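Trainee: Could you walk me through a few spots in this model before I go back to the bench?

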Amino acid sequence: MSEEEEEMDVPMVIKKPYLDLNWNVKNNLFKVLKTVNVVTKTGHFVRLCREFYLRDTIACNSALCSTCTIACTSILPADCDTYVMPDLDTVMNYFEIFEMYKFRGFIYLQSICQQYGQLMGSRAWRRFKQLIGKVDRQCTQFLNIFYKHTHVPKSADESLLQWHRRLVDEAAKFYTEHLPGIRLIILSDWYKNDSQARWDTLSLLDYVKLYHKDKPSLIIQIEEIGKSLKPAHLHGNVLQHRFSVTYEPYWSDIERSGSKGDRFIQGKLMVSKRCPNNVAYVCCSFDSDWTEGTEVEEPMVTVSDQSDVLIEGMRNRNRAVHGDLVIVKILENSKIASDVSDDVTCSRSSGIVVSVVQRHWRPYVCTVMTGSGCLAVPYDRRIPKIQLVQDSLLSSTGRRVLVSIVDWPIDSAHPIGRILKVIGPVGELETEMRCILYEHQLPVESPANVQLTQTDTLHLNGRLDLRHSHLVFSIDPSGCTDVDDALSVRVLDEQAGNLELGVHIADVSYFVSANSAIDLEAAERGTSVYLADRRIDMLPACLASDQCSLLSGIDRYAVSLFWELEPVTLNVVDFHYSRSVIRSRYKLEYGVAQQLFDGTLSDVQLIRASIAELANLDDGQLTIAVEDLKRSLAHLVTISAHLYNSRCGLALESSEVSIKVENAVSVTDVTSKTSLLMEDVIAECMIWANHWVARENYKRLPLKALLRRHPPPLEQKLQKLTTLAKTAGLLVDSSSNVALAKSLENCQHTTGNAKRTLKQLAVFSMERAEYFCTGSSDFPFCSHYGLNLDYYTHFTSPIRRYADIVVHRQLLGDESATAVACVSKLADICLTVNSKNRAAQNAQRDSQRYFVALHLTQQLKNRGKLLLEAVVVGFSGDGLKVIDVLYGIVGFCFLRNNEGRVCFVGENGQVEWLPGNVDRGEGALAVDCEKGKHWYRLFDTVLIDITVQQSECHMPDFRFTLAGLAKPKDEDEEIFVEKNLGQFCRTQLPEQLMESMTEISFVDQADGVDCSSDLEQTKEKKIPNTNIPAAAAANITTTKTTSSYRLRREIQSQLLRRK
């Protein structure tokens, strides 16, 4: 819809008094009629008359003004003697500069903001609003359209820029008269001042040279952008290498309004990562909060919606970029077969893009390659090459740069862009990590530290004093400094034996007040980002690692939750919560806590070396302290096992890896991520706390509670999973989450890795968990499918998640916080946090993938060849789709090469490429040649030769080559263990677990994964191995890589649930 605006001012004093809610004063309002010509959906012009009202007083939003009542948080600074007002042309051309650099004292006119949104789209308008809302920028929006003395009607014979210049002049006149002591500068590249003007007009380049001399890189960047804006420069020598391709012109608004019916579809353009130049789809069903991110390589073929339209080739894509909202015209007789894999053929239509409704352009990480002329290759393979217009290309060759697309002419094969920032040389670790953060639109540095008042003693102020009455301790990973949570458990009454479980969470909301500068920056960041070698905090370090962190031996403010539990059934007798003051006795690491619980850490000197808080105690005091700590750990294990069994959530497998980095530059080791019992104990207690807080908040604020939900999987994805399992002879019941959890546990297969792989595939069938506000939700459910809980939220990590801070305020009744009182504000917070959370997870995955590539490159350099086990999870064309067992990498092993030869593995394990065929069967694929025929079935284990494909422009990739068949495992002892251990545990294990609570010990640690912790923080569940029959124990191997070891743990988990 396009608008052709004509304004007509009709001043009319409203006699009726009007209460202005923003300033809370009675004003006389002047009505103005605005005539607008609107093109309707049917293509007709309709003349509309709109009315709005001009105020007699408007706040200037300056901290220097004593007469205006400021009604917003974005105010101009008082310590600045110069205010700056950019015009429309400057905002349009240099908006990325305003986003990247912190300019203080900028005044953005309401008229310019609205015009920018109309020209650039709603997504750009939201970015503009976020820029103005940042408190650290100390800029504001002046409502010049609604002010009687700055409102200027548009004349019929003046251009848009001329009209906006008159609006800027009137606003400048107001500020110079209203704040006579302030120097005002108008930023414009083309307009000069009148001789009588009381303000200065400078270009952005001149302003930066005058007031920001200490930023030479910024000056160079503005100069280059200025060169790219000159029309003569666009047709000069820099673009003479442009490839000439003529695309179809986009449809006009009238033509687009008539694009209705079955032949036209509107949706998001999704480009294939595997074939970015040839294959793209227009997805008709997409989330409204869909965000950019690198594509996840799923090991299971996802069932595609047949209503999606295939776009073949760049010409049919017609200058649309991945993520754009487009209108597609369905081509006649275009039903074609596509996506032929796993014996599934989808018939879909093909089409051509006829119009782009909304661009999804963003700053892209690119590489300026040597010999590429003026082309920059994006880090994301789905984005086309970008043609640069700067002269400084030689200095950027071989470097990663941040590029913004400014236009895509109809006669250009590539979009036109400009360099915003030079990130660094290709291949340097610091450069590559920054590229990952920039690519996911995440901050590259932690917030700047702030000065906080240090106090030696904390005042109670109505808080519970738990410093001497409770044994409080924390269990965290090694080297953790941002300690969010601590635990306590004690016996309340020796006769009744009731237990009290306490979960103590850092009281971050006390230090981060609502709408403060720290709060607004934390809301923008949304979450802390954890890469393989670094952490980007959400809060300043003085809070995250010091005053908010529950360090041992220091008094800290906390929010404490308490449950009184019956001693045998562990049913909840009472629940209450309060703000508190705690002093953590011990800061334990997971490994140390595990050794204490197992009884393997008994040497006094080792205990003193492992637990710093016990180093100065004598032997008698140390013995008493260790016994108290062991007793608390035993209580926690029993409680957490009960909580897990009563919840019966999904237990899925994780493919995460643990990376050890030395001196922040070299990778020393990469191993599959394993989980200790104590990690599961902490995770289960945190899930329990989150669940109870969600219930409490929903009870108190049924329309304003911030909760977290996990929707049930799509029926098509579950059907794909069950079909895959059935083909391999496994039965999966997906009728409910409980049935799915039990069936996954009961699956048995001749291949030791089958169950683990099936659980990994189940992860890809799940939907994303998300935050939502109960008052703004359109969905009928609030439950969490994976955890099997009716209400759930995030409360236990306020140092690293902004959603937890909001939940704290809701629980504690902080009515001063806007997020507690306003449903629309809560909905915006949920959208931002969901987007940032997904981006942080994708960035973490990409960083791990990069370090795995570094590690494998070093291994290949040392060994020359690297053979790994992989499990077959599907078939695609003439190849196997496999998952690497050790690192969880998904890839393809092609069984036919370009010469038509097939890969055959002989009886001696030798791989040969021979003439032959590749045959397809139900759930299988066969290689048939002169030496025989071999069938590959689902969940078969094969040997792969893995190599790393380095790229100057993209993320390193992995290539798999079939190298042989894995040796079969001996399953006799697994069946023997299952039979004996199962019969014993069904009758004795539950009772013995309750009786010998303080004597529970582990033979060793398992490496399964429990995905109950919100499916995004997968954990492993292990059940104590108490008094296993000798016949069974004698046959149990403790090697972590054997399938019998995993099976023993899985059987133990199953049987304890039957309690």
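Mentor: We will take a buried aspartate first and then a cysteine. This is a predicted model, in which local features need pLDDT of at least 70 and side-chain atom pairs count only at pLDDT 80 or more, while totals for chains, interfaces and linings use all residues. Residues are numbered from 1 along each chain as its sequence is written, and side-chain values use heavy atoms, with hydrogens and water left out.

Trainee: Where does aspartate 507 lie?

Mentor: Aspartate 507 sits in the loop between β26 (499-506) and α12 (508-511), where helices (H or I, at least four residues) and strands (E, at least two) are DSSP runs numbered from the N terminus.

Trainee: And is aspartate 507 buried or exposed?

Mentor: Its relative accessible area is 1%, so aspartate 507 is buried (under 20% relative accessible area, with exposed over 50% and partly exposed in between, using a 1.4 Å probe and protein chains only).

Trainee: Which residues does aspartate 507 touch, leaving out those up to four places away in sequence?

Mentor: With contact meaning heavy atoms within 4.5 Å, aspartate 507 touches Arg463, Tyr557, Ala558, Val559, Arg579 and Leu812.

Trainee: OK, switching topic, what about cysteine 893, buried or exposed?

Mentor: Cysteine 893, which belongs to strand β38 (residues 890-894), has 0% relative accessibility and therefore counts as buried.

Trainee: How far apart are the C-alpha atoms of cysteine 893 and glycine 879?

Mentor: They are separated by 5.3 Å, although the two residues are 14 residues apart along the chain. Apart from neighbours within four places in sequence, the contacts of cysteine 893 include Gly879, Ile944 and Phe960.
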